[in-house]
2 protein chains.
Amino acid sequence: MTADFSLLEKKIGYKFKDLTHLKHALTHRSMGAVYNNERYEFFGDALLGVVISRHLFEKFPDADEGKLSRMRSSLVKETTLAEMANTIHLGDFLILGAGELKSGGFRRSSILADAMEAMICAIYIDSNHNLNLLDDVLTSWFTSRLDSISPEVQKDSKTKLQEYLQGRRLPLPEYKLFNVVGDNHKQSFTVTCRVSMFDELFTGIGTTKRKAEQDAASKVLAKIGE
Amino acid sequence: MTADFSLLEKKIGYKFKDLTHLKHALTHRSMGAVYNNERYEFFGDALLGVVISRHLFEKFPDADEGKLSRMRSSLVKETTLAEMANTIHLGDFLILGAGELKSGGFRRSSILADAMEAMICAIYIDSNHNLNLLDDVLTSWFTSRLDSISPEVQKDSKTKLQEYLQGRRLPLPEYKLFNVVGDNHKQSFTVTCRVSMFDELFTGIGTTKRKAEQDAASKVLAKIGE
């Protein structure tokens, strides 16, 4: 497999001095427990957080902490990063073990998003820890999203439901994990949500417990008509 | 109130060009919804995260992502930051509204930890966004903790319990919010935890749902003898 990394470099707007760093960032855990991109992802996530935080902090001097946090979450969340990964066809460059290759791992949101974060770390390392350069690269990645984001960004369903209930002095919703199926890499969580105003139990499903809870909360909101 | 900020500056190892930045970082929300340290805390938290991540990433080249994450959590968590705040008597410098002053807000862990994060942002702003300088200052704050931390840092109780059960192919614990008492600023959560191996329900209490769950998990672990 000899992927043409120069295509990818053009799309991300950074030319690596040492391609090893890029390849490291693209190597999924399915290639082995020792040499993979998880450590890069750990650091890349923090680097992304600080760059996005700085942009939002400066761009929205009147937004309070809650609004800043929600905007940051919406920019760095898995689905956003996976969308960006798809735009640059990152899936074509992932280095996956045979199992993940077969099961279509190059299309999985979590794998794509993790590789995006890992690439951020790789750029930082490859540029000799040049945070200004990294900031420029990430700014170009996020330009249109940073331009269009607003402090009135949608709250997530759990937050909306909680605020709705608190505003009416009603008890908080009770989420309960109902079951988990599938092995470590492909778990599906089912969660129930009970709110005092309805007798029925609402069910949510997702690849994480949190997503399942969001799903359940959105069903309660739909019932309420919010 | 004319606090001698030079004392605090000596302790944190940074002299402000413009004390307004420091005072902003020390101003709690109880002083008003518009001018307070919450925005600083938002950005300071991200700045702290990236500096600590860099240290851990470089110091522990063999630690996997899970170990790095756990070490980072233990360094940046509220109780650690509040401990550091107490060492430098940060409580004496907090600018609190009358209500918080009366109820002893200057001793509250969450307020102290938030002010520490806000100070990190203030240093960054005051130094004209000099991340290298900020890194030096934070390194001095965390020297002894960074020296003594180990990748074998304690896992939290929920993680330990989950791993214990997964290792035995048992169902995951079911946490359920039992009730919440107190107003917004002083809530107490009670959570129940059910595990398939015991008939009894374990109860945990804490100032957040997560802490209550940790408390419940620790009781299950105690029962198991872990």
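**Figure 1. Where α5(A) meets α7(A) in this predicted model.** On the α5(A) side, the residues in contact are Glu78(A), Leu81(A), Ala82(A), Met84(A), Ala85(A) and Asn86(A). Their counterparts in α7(A) are Ser109(A), Ser110(A), Leu112(A), Ala113(A), Met116(A) and Glu117(A). Sorted by class, this contact of α5(A) with α7(A) comes out as seven nonpolar, three polar and two charged residues. Helix α5 spans residues 78-87 of chain A and helix α7 spans residues 109-126 of chain A, and they pack at an angle of about 80°. Their axes are 8 Å apart. Angles of 65 to 115 degrees count as roughly perpendicular, so that is how α5(A) and α7(A) sit relative to each other.

**Figure 2. The packing of α3(B) against α7(B).** Over in chain B, we look at helix α3 (residues 38-59) and helix α7 (residues 109-126), which pack at an angle of about 80° with their axes 7 Å apart. That makes α3(B) and α7(B) roughly perpendicular to each other. From α3(B) come Tyr40(B), Glu41(B), Phe43(B), Gly44(B), Asp45(B), Leu47(B) and Leu48(B). They meet Asp114(B), Glu117(B), Ala118(B), Ile120(B), Cys121(B), Ala122(B), Tyr124(B) and Ile125(B) of α7(B). Count up the classes in this contact of α3(B) with α7(B) and you get ten nonpolar, one polar and four charged residues.

**Figure 3. The crossing of α3(B) with α4(B).** Here α3(B) meets another helix, α4 (residues 65-76) of chain B. The two axes come within 10 Å and cross at roughly 135°, and α3(B) and α4(B) are therefore oblique to each other. As for handedness, the crossing of α3(B) and α4(B) is right-handed. In α3(B), the contact residues are Leu48(B), Gly49(B), Ile52(B), Ser53(B), Leu56(B) and Phe57(B). Facing them in α4(B) are Leu68(B), Met71(B), Arg72(B), Leu75(B) and Val76(B). The contact of α3(B) with α4(B) breaks down into eight nonpolar, two polar and one charged residues. Leu48(B) is worth finding in both views of α3(B): it is on the list for α7(B) and on the list for α4(B).

**Figure 4. The loop that holds Pro151(A).** Pro151(A) sits in the loop between α8 (131-148) and α9 (157-167) of chain A. Leaving aside residues up to four places away in sequence, Pro151(A) touches Phe60(A), Ala63(A), Lys67(A) and Met71(A). Have a look at Leu56(A) too: Pro151(A) and Leu56(A) are 95 residues apart in sequence, yet their C-alpha atoms are 9.3 Å apart in space.

**Figure 5. The open sheet of chain A, with α10(A) across it.** Three strands line up in the order β1-β2-β3 in chain A, and their pairing is antiparallel. The edges are taken by β1 (174-181) and β3 (202-206) of chain A, each of which pairs on one side only. From one strand to the next, the twist averages 25°. Strand β2 (residues 188-194) of chain A and β3(A) are held in register by five bridges in the antiparallel sense, and Cys193(A) stands opposite Phe202(A) in β3(A). Helix α10 (residues 209-224) of chain A lies across β1, β2 and β3 of chain A, and runs at about 140° to β3(A).

**Figure 6. The open sheet of chain B, from β1(B) to β3(B).** In chain B, the three strands again follow the order β1-β2-β3 with antiparallel pairing. β1 (174-181) and β3 (202-206) of chain B are the edge strands, each with a single partner strand, so one side of each has no neighbour in the sheet. Ignoring direction, neighbouring strands of this sheet are turned by 25° against each other on average. β1(B) pairs with strand β2 (residues 188-194) of chain B over seven bridges, in the antiparallel sense. One residue to pick out is Lys176(B), whose bridge partner in β2(B) is Thr192(B). Helix α10 (residues 209-224) of chain B lies across β1, β2 and β3 of chain B, at about 140° to β3(B).

**Figure 7. How chain B maps onto chain A.** Rotate chain B by 180°, with 0.0 Å of shift along the axis, and it superposes on chain A with an RMSD of 0.2 Å. The two copies are thus related as by a two-fold rotation axis. Within chain B, the C-alpha nearest the axis belongs to Lys176(B), at 2.9 Å from it. Both copies use the same surface: 100% of the contact residues of chain B recur in chain A.

Notes:
Residues numbered from 1 in each chain as written. Chains lettered and ligands numbered in written order. Predicted model: local features only at pLDDT ≥ 70, side-chain atom pairs only at ≥ 80, totals over all residues. Heavy atoms only, no water. Axes fitted to C-alpha atoms, helices over the stretch in contact; angles between N-to-C directions. Helix = DSSP H or I, 4+ residues; strand = E, 2+ residues; numbered from the N terminus. Parallel < 35°, antiparallel > 145°, perpendicular 65-115°, else oblique. Contact = heavy atoms within 4.5 Å. Nonpolar A, V, L, I, M, F, W, Y, C, P; charged D, E, K, R; others polar. Least-squares fit on C-alpha atoms with pLDDT ≥ 70 in both. Pairing = 2+ DSSP bridges. Left-handed = near helix turned anticlockwise from the far one by under 90°.
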